[in-house]
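Welcome! Take a look at the structure below, and then we will walk through its empty spaces, its disulfides and one of its helices.

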Amino acid sequence: MKHIQQLLTLGILCLFVSCSEDFLDLNPKGIASENLLTTPENAEKMVIAAYSGQGNEKYNLKPLSPWPYGDLRSGDAYKGGAGVGDRSQWHSAETFINLTPTDRGVRGKWEIEFQAISRTNQALYFLNKVDFAEKTTRIAEMRFLRANNYFWLKVNFRYVPFIDENVPVTEYNTIGNDLSDAELWGKIIEDLQYAVDNLPTTHVDGAVGRPTKYAAQAYLAKVLLFAAYEQDETNQVININTEKLNRVVSLADEVLQLSGKSLFSDFANNFTCETQNGIESLWAIQFSHNDGTPTGRVNGTNQVVYPMVEEYGCCGYHSPTQNLVNSFKTSNGIPDFENYNAGNIEGAINIQEYSIDPRLLHTVAMDGLPYKYKPDFLLNAKTWPRQPETYGSFMSMKETVIYDSPCYQPVNPWKADSKNRDVIRIADVILWKAEALIQLGKEQEALSLINSIRNRAAQSTTRLVDINGQPTGNFDVQPYVDGINCIWSQEFAFKALQWERRLEFACEGFRAYDLLRWGIMSETLNDYFLVEKTRRAHLSNAIFTKGRDEYLPIPKDEIDLSRNLYKQNSGY
């Protein structure tokens, strides 16, 4: 070892003796200088890289899809997989036990969102230095993308540093996470307003992955709705801002009236490869298949949700809860608000005993019933789930495709697909408007909006049939009729709105953030645990701590890297 060190030292000395200092003035090969990148063509390439960053899905600690923290922390889904030790960070998220600032999954969520923001900031930096016809549009697109990632950081971590393209990398460590709620929401709103003002109303040259003005208006309505529910320092809602609610209504009106978007006639069309980017989709993350690469650009988070059956292979995550399944029961055509959780829907063995909302069988696969609209492909509770003794046998279906779909892509040992992920669809906008109207005391105006969602659900039964063409459930969904099946007061209307959002968007990753917005996470989750732990032993110690668990902790590694400039969230 000593001899090798002597030879290395001699070699280094020879370099200094034999070389002039001229080599210090040469540009290293393989590194793109700023001058080389500052062209319209390369700025466009940076834009494409930013779009690519929105789809960098990684089930291994770094999900961009919202379900790992939006469903597991809401009572809509169990973690699933091979027991509580398999991806234990998601078990911590589901049970709120040992979810600490050192959790790897929490840091991964922080990192993946900021990595996407870094790409948009780099694109914006170079866009600001060049001139070409599409410059303003591209800047608007990038600010829309940045707002998307900051929205997810905001609803997961509450307080995060806001870094834009004007901040030099050398100054990142001088920016804390000390912006107030209003200030951080304001930054996101500012980005989206720029997008609204500068994006085209239609997709240019068929580029459906780029946002339009109407997608930006819809996203702005969403952000304003969240911002309207003002919280104190212990994460509790203390005020609802009516000015913001009125803006939500105005923005939603314009999207609904002018975008050309509408509800699919069949709910199923939101969740198939063949109908993606359709009439209901306002903006979706685009994935690819058969694109010249070995496995395509597939949704990496969804690699772990497929059944453990020969046609697929792995891994049974994202398992719907018994509570969620029961919530689709109806009584006289409307949700069975009071008694839904008494008596369990288990699958083909007893599903006909209950009247149900058909959206259940678009969302949840269960024993003895067809999987993903294939009548002869029936889920087997003993062999399809990975660990049914822990998580039961229900499986999530919205994010998957059938094995002979053109979007299906094995990436052994996992399975995946290139089906796009809708971030906003027109059903969102309808229910955001309804929610704002109800909170403004205009619940009568919200009635037809909520009923439009229910009417679509009622007619979405065509694909829910067995091999003999018979309905797989006893479907009964009716609109709300004031004085007939309900008393449409403001209080009842808001309960109906909350219920409708759960049924419409179940297992799409939004439930926890709805509960957060409404300020009811603590009572909802602890009521859920009280009953659900009697059904699933892995929830035996689960408990939601009010004033802490509404948000994830700021990762300790990030606090350390900031030299304690970042402040930790309440309760951690």
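## Cavities, disulfides and a helix

In this predicted model, the count comes to seven cavities of 30 Å³ or more. The largest cavity holds about 270 Å³ of space. Its lining has 18 residues, and Glu399, Lys419, Arg421, Asp422 and Glu508 are the closest to its centre. Which classes of residue make up this lining? There are seven charged, six polar and five nonpolar residues. Strand 15 gives the most to the lining, with three residues.

Now for the cysteines. The structure holds two disulfides, listed here:

| Disulfide | Sulfur distance | S-S torsion |
|---|---|---|
| Cys273 and Cys407 | 1.9 Å | 65° |
| Cys314 and Cys315 | 1.5 Å | about 80° |

The link of Cys273 and Cys407 is right-handed. This pair joins distant parts of the chain, 134 residues apart. Cys273 counts as buried because its relative accessibility is 11%, under the 20% limit. Cys407 is buried too, at 3%. The disulfide of Cys314 and Cys315 is also right-handed, and both of its cysteines are buried.

Why does Cys507 not bond with Cys315? Their sulfur atoms are 17 Å apart, which is too far for a bond because a disulfide needs sulfur atoms within 2.5 Å.

Finally, look at helix 15, residues 443-458. At 1.5 Å a residue, its 16 residues should span 22 Å, and the end C-alpha atoms are indeed 22 Å apart. Its buried residues include Leu447, Ile450 and Arg454. The buried residues of helix 15 pack against several elements, among them helix 14 and strand 15.

Terms used. Residues are numbered from 1 along each chain as its sequence is written. This is a predicted model: local features need pLDDT of at least 70, side-chain atom pairs count only at pLDDT 80 or more; totals for chains, interfaces and linings use all residues. Side-chain values use heavy atoms; hydrogens and water are left out. Helices (H or I, at least four residues) and strands (E, at least two) are DSSP runs, numbered from the N terminus. The expected span of a helix is 1.5 Å times one less than its number of residues. Buried means under 20% relative accessible area, exposed over 50%, partly exposed in between (1.4 Å probe, protein chains only). Contact means heavy atoms within 4.5 Å. On a 1 Å grid over the protein atoms alone, a cavity is a set of points where a 1.4 Å probe fits but cannot get out, and a pocket is an open set with protein on both sides within 12 Å along at least five of seven lines; lining residues have an atom within 4 Å of a point. Grid points are joined across faces, edges and corners, and a volume is the space filled by probe spheres set on the points. Ala, Val, Leu, Ile, Met, Phe, Trp, Tyr, Cys and Pro count as nonpolar, Asp, Glu, Lys and Arg as charged, and the others, Gly among them, as polar.
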